[in-house]
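Reader: I'd like a close look at one part of this protein, and a walk through how that part sits against the rest. Keep it informal, please.

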Amino acid sequence: MIKAKRLSFKELSQRLRDYERQYGYSTIEFYRRFENGELGDDADIMMWVGLYHLYLTSLPVRQFMQREPVMA
């Protein structure tokens with residue numbers, strides 16, 4: 001069983017880059033292949049999918065939080 005761990009956005013990005021180096025293609029290409037059923041569903045693949053999903057869902061929040069506050 002995998003223990004839950006908090007990751008910073010920087011750590012999340014690094015983990016995605018680690019998978020890219022390990023498998024030899026970008027996360028975007030990986031996800032395309034995964035969606036087409038070319039990669040299977042072993043633990044490593046599912047972790048990469050999960051991390052990419054987390055990245056995609058957290059990116060807009062991160063971008064929003066970095067904006068300058070608007071003064072009324």
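Author: Here is a look at the second helix and what surrounds it.

First, some ground rules. This is a predicted model, so local features need a pLDDT of at least 70 and side-chain atom pairs count only at 80 or more, while totals for chains, interfaces and linings use all residues. Residues are numbered from 1 along each chain as its sequence is written, and side-chain values use heavy atoms, with hydrogens and water left out.

The protein comes to three helices and zero strands, with helices (H or I, at least four residues) and strands (E, at least two) taken as DSSP runs numbered from the N terminus. Along the sequence that reads α-α-α. As for pLDDT, the predictor's confidence in each residue from 0 to 100, the protein averages 86, and 85% of the residues score at least 70. Confidence is highest in H2, at a mean of 96, and lowest in H3, at 85.

Now to H2 itself, residues 27–35. Its buried residues are Thr27, Phe30 and Phe34 (buried means under 20% relative accessible area, exposed over 50%, partly exposed in between, with a 1.4 Å probe and protein chains only). These three cover an arc of only 55° around the axis, which puts them on the same side of H2; the arc is that of the directions from the helix axis to the C-beta atoms. The general rule behind this kind of spacing is that an α-helix has 3.6 residues a turn, so residues three or four places apart point the same way. On the face turned away from the buried side you'll find the exposed residues Ile28 and Glu35. Just after H2, glycine 37 takes a positive phi of about 80°.

What does the buried side touch? Start with threonine 27, which counts as buried at 5% relative accessibility. Its side chain makes a polar contact of 3.2 Å with the side chain of tryptophan 48. (A polar contact is a pair of N or O atoms within 3.5 Å; within protein, one must be able to donate a hydrogen and the other to accept it, and residues adjacent in sequence count only if both atoms are side-chain atoms.)

Phe30 and Phe34 both belong to the largest nonpolar core, which has 12 residues in all, Trp48 among them. Such a core is a set of buried Ala, Val, Leu, Ile, Met, Phe, Trp, Tyr and Cys residues joined through side-chain atoms within 4.5 Å. H1, H2 and H3 each give two or more residues to this core, and the largest share, five residues, comes from H3.

There's an aromatic side to this too. Ring pairs link Phe30, Tyr31 and Phe34 into a cluster with Tyr19, Tyr23, Tyr25, Trp48 and Tyr52. (Rings of Phe, Tyr and Trp, using its six-membered ring, pair if their centres lie within 6.5 Å; planes under 30 degrees apart count as stacked, over 60 as edge-to-face and the rest as tilted.) The charged end of arginine 33 sits over the ring of tyrosine 25, 4.3 Å from its centre; the test is NZ of Lys or CZ of Arg within 6 Å of the ring centre and within 35 degrees of the ring normal.

The whole structure holds nine aromatic pairs. In one of them, phenylalanine 9 and tyrosine 55 have ring centres 5.3 Å apart and planes at 20°, so the pair is stacked. Phenylalanine 9 lies in H1 and tyrosine 55 in H3, so this pair ties together parts that are 46 residues apart in sequence.
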